[in-house]
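Reader: I'd like to learn how to read a structure like this one. Could you walk me through it?

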Amino acid sequence: MSFVQIQCTRCKSVFRDRAGRLQDGYFRQCPSCEVVLFFAEDSQHPFVKRAMRNARKARKEQREAEAARRVAPEPRAARSRSFAGRDRSVDRED
């Protein structure tokens, strides 16, 4: 789950929200000054534009990572690296 930093248009404080939520038509209240921020693709405010752009980028990266995970084959019986060289020898008897 990826998060995007948002800068308030009124008090300039920075908070974060999930990238999946930050889409056209979404609104959120600033936790500091309680002004309601409206997020739209055609917004003229640079803070809103930056947050929308970063959210779009984060969602795209998340989709690509998910697609890569689906395509990559599952590793078979992967051994833990901490125990890789600690197998008992067949010839050895204790």
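## A patch on the surface

Author: Let's start on the outside. Phe27, Val36 and Phe38 together make a nonpolar surface patch of about 320 Å². Keep in mind that this is a predicted model.

Reader: Take Phe38 from that patch. Where in the chain does Phe38 sit, and is Phe38 buried or exposed?

Author: Phe38 belongs to strand E4. The way to judge exposure is by relative accessible area, and over 50% counts as exposed. Phe38 has 57%, so it is exposed.

Reader: Let me step back to the overall layout. How many helices and strands does the chain have, and in what order do the elements run?

Author: There is one helix, and there are four strands. Reading from the N terminus, the order is β-β-β-β-α.

Reader: And what share of the chain's residues is buried?

Author: Of the 94 residues in the chain, 21% are buried. As for the outside, the chain exposes about 7,800 Å², with carbon and sulfur atoms supplying 48% of that area.

Reader: What about contacts between residues that are separated along the sequence? How many of them join residues at least 24 apart?

Author: Take the contacts between residues at least 6 apart in sequence: 33% of these join residues at least 24 apart.

Reader: Now a single residue. Where does Asp17 lie, and is Asp17 buried or exposed?

Author: Asp17 is in strand E2, which covers residues 14–18. Under 20% relative accessible area means buried, and Asp17 has 3%, so it counts as buried.

Reader: Which side chains make polar contacts with the side chain of Asp17?

Author: One is the side chain of Tyr26, at 2.5 Å. Another is the side chain of Arg28, where the polar contact is 3.3 Å. If you leave aside neighbours within four places in sequence, Asp17 is in contact with Ser2, Phe3, Val4, Ile6, Tyr26 and Arg28. You can see Tyr26 and Arg28 turning up again in that list.

Reader: How should I read backbone angles? What is the phi of Lys12?

Author: The general idea is that most residues other than glycine have a negative phi. Lys12 is not a glycine, yet its phi is positive, at about 70 degrees. You'll find Lys12 in the loop between strand E1 (3–7) and E2. With a relative accessible area of 42%, Lys12 is partly exposed.

Reader: What is the phi of Glu34, and where is Glu34 found?

Author: Glu34 also isn't a glycine, and its phi is positive, near 65 degrees. Its place is the loop between strand E3 (26–29) and strand E4 (36–39). Glu34 has 53% relative accessibility, so it counts as exposed.

Reader: On to the cysteines. How many disulfides are there?

Author: A disulfide is a covalent bond between the sulfur atoms of two cysteines. To count one here, the two sulfurs must be within 2.5 Å. By that rule, the count is zero.

Reader: Why is there no bond from Cys8 to Cys33?

Author: Cys33 holds the closest cysteine sulfur to that of Cys8, but the distance is 3.6 Å, so it is too far for a bond. For Cys11, the closest cysteine sulfur is in Cys8, and at 3.7 Å that is too far for a bond as well.

Reader: And are Cys8 and Cys11 buried or exposed?

Author: Cys8 is buried, with a relative accessible area of 0%, while Cys11, at 32%, counts as partly exposed.

Terms used:
Residues numbered from 1 in each chain as written. Predicted model: local features only at pLDDT ≥ 70, side-chain atom pairs only at ≥ 80, totals over all residues. Heavy atoms only, no water. Helix = DSSP H or I, 4+ residues; strand = E, 2+ residues; numbered from the N terminus. Buried < 20%, exposed > 50% of the residue type's maximum accessible area, 1.4 Å probe, protein only. Polar contact = N/O pair within 3.5 Å; in protein donor to acceptor, adjacent residues only side chain to side chain. Contact = heavy atoms within 4.5 Å. Patch = residues over 30% accessible without salt bridge, like charges linked within 9 Å, V, L, I, M, F, W, Y side chains within 5 Å. Areas by Shrake-Rupley, 256 points an atom, 1.4 Å probe, with all protein chains shown as cover. Salt bridge = Lys/Arg side-chain N within 4 Å of Asp/Glu carboxyl O.
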